[in-house]
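Here is a colleague's note on charged side chains and empty space. Please read it with the model open.

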Amino acid sequence: MIYEPGAADSSADIRSLVLPLLELDLVPIVQLGHPVLRQSAVPYTGQLHRDELQALIELMRRVMHHAPGVGLAAPQIGIPLRIAVLEDAYAPDPETAEVRERTPLEFFTIINPRYEALDGETAAFYEGCLSFEGYQAVVERHRSVRLDYDDEHGTSQRRTFTGWPARIVQHETDHLNGTVYVDKAITRSLSSNAEFPRWASPDLGEARRGLGF
């Protein structure tokens, strides 16, 4: 079955999209312009057998690592389900880690997530997306969020995140609502990867001066 907007209305439809992918070691990441990235994903309500769900999670993890990235939502591989995987094991330099509050994020799966800000504090930094290859832009996001979700075992979870982990949580949850980071980006900050080294300092001072935002 090929993805069509509004076509995944039943468990059979979902399984017909998922099962062929589970036969593959890796699958392509769909790019901006694909309709699956622009719709609210379907809540996961047990459309897959337990072993199929676990296999989908493992496939998503492999795709995320191969990209490489720090998160991947099911719509990014053409599956309109409210599922995402997250993991940040990269080791940024100490100054960048301090400025961006980037701390390790162990692998976990979020199903039917929703987040809300813990306060009015925000932070603005560059981010990119595996579904918009070759570009990065500044996005102002909540500095701290509370995330409610189900894990892969169907257990309800509530966790709080601050700094860079909170940014990853918001980015991936937004994907499940049909929102891509460029929808929230400061457009004057948009930079190709070829030009981005100019603006890769830990804070945004040079980028603000050079690009005028």
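The points below take the salt bridges first, then a buried arginine, then the cavity and the pocket.

1. Status of the model. This is a predicted model. Treat every distance, accessibility and volume below as computed from that prediction.

2. Salt bridges overall. The structure holds 14 salt bridges. Three of the pairs are taken up in turn below.

3. D183 and R38. These two side chains form a salt bridge, with 2.5 Å between the closest N and O atoms. The pair links distant parts of the chain, 145 residues apart. D183 sits in the loop between α4 (164–175) and β8 (185–192). R38 sits in the loop between α1 (11–21) and α2 (50–66). Are the partners buried or exposed? Neither label fits. D183 has 42% relative accessibility, so it counts as partly exposed. R38 is also partly exposed, because its relative accessible area is 42%.

4. R143 and E121. Their side chains meet in a salt bridge at 3.5 Å, N to O. This pair too links distant parts of the chain, 22 residues apart. R143 lies in the loop between β5 (135–142) and β6 (144–150). E121 lies in the loop between β3 (105–117) and β4 (122–128). R143 has 23% relative accessibility and therefore counts as partly exposed; the cut-off for buried is under 20%. E121, at 40%, is partly exposed as well.

5. E127 and R167. The closest N and O atoms of this salt bridge are 2.7 Å apart. E127 is in strand β4 and R167 is in helix α4, 40 residues away along the chain. Both residues are buried. What does the pair belong to? Salt bridges with shared partners join E127, R141, R167, D174 and K184 into one network.

6. R82, a buried charge without a salt bridge. R82 is found in the loop between β1 (71–73) and β2 (83–88). R82 is buried, yet has no salt bridge. How far away is the nearest side chain of opposite charge? That side chain is D174, at 8.3 Å. D174 is itself a member of the network in point 5. The salt-bridge cut-off is 4 Å, so D174 does not qualify as a partner for R82.

7. What surrounds R82. A polar atom of the R82 side chain lies 3.5 Å from the backbone oxygen of P113. Beyond its neighbours within four places in sequence, R82 is in contact with A41, V42 and P43. The contacts also include I110, I111, N112 and P113. L176 and N177 are on the list too.

8. The cavity. A search of the whole structure finds 1 cavity of 30 Å³ or more. The largest cavity has a volume of about 50 Å³. Its lining is made of R100, A123, F125, H142, R143, G163, W164 and R167. The elements that give two or more residues to this lining are β4 and α4. Note R143 and R167 among the lining residues: R143 pairs with E121, and R167 pairs with E127.

9. The pocket. The largest pocket holds about 740 Å³ of space. It is lined by 29 residues, and the closest to its centre are V70, E127, G128, C129 and Q136. Lining residues come, at least two from each, from α3 (94–100), β4, β5 and α4. Which element gives the largest share? That is α4, with 6 residues. E127, close to the pocket centre by this ranking, is the buried partner of R167 from point 5.

Technical notes:
Residues numbered from 1 in each chain as written. Predicted model: local features only at pLDDT ≥ 70, side-chain atom pairs only at ≥ 80, totals over all residues. Heavy atoms only, no water. Helix = DSSP H or I, 4+ residues; strand = E, 2+ residues; numbered from the N terminus. Buried < 20%, exposed > 50% of the residue type's maximum accessible area, 1.4 Å probe, protein only. Lys, Arg positive; Asp, Glu negative; His and termini not counted. Polar contact = N/O pair within 3.5 Å; in protein donor to acceptor, adjacent residues only side chain to side chain. Contact = heavy atoms within 4.5 Å. 1 Å grid on protein atoms, 1.4 Å probe; cavity = no way out; pocket = protein on both sides within 12 Å on 5 of 7 lines; lining within 4 Å. Points joined across faces, edges and corners; volume = space filled by probe spheres on them.
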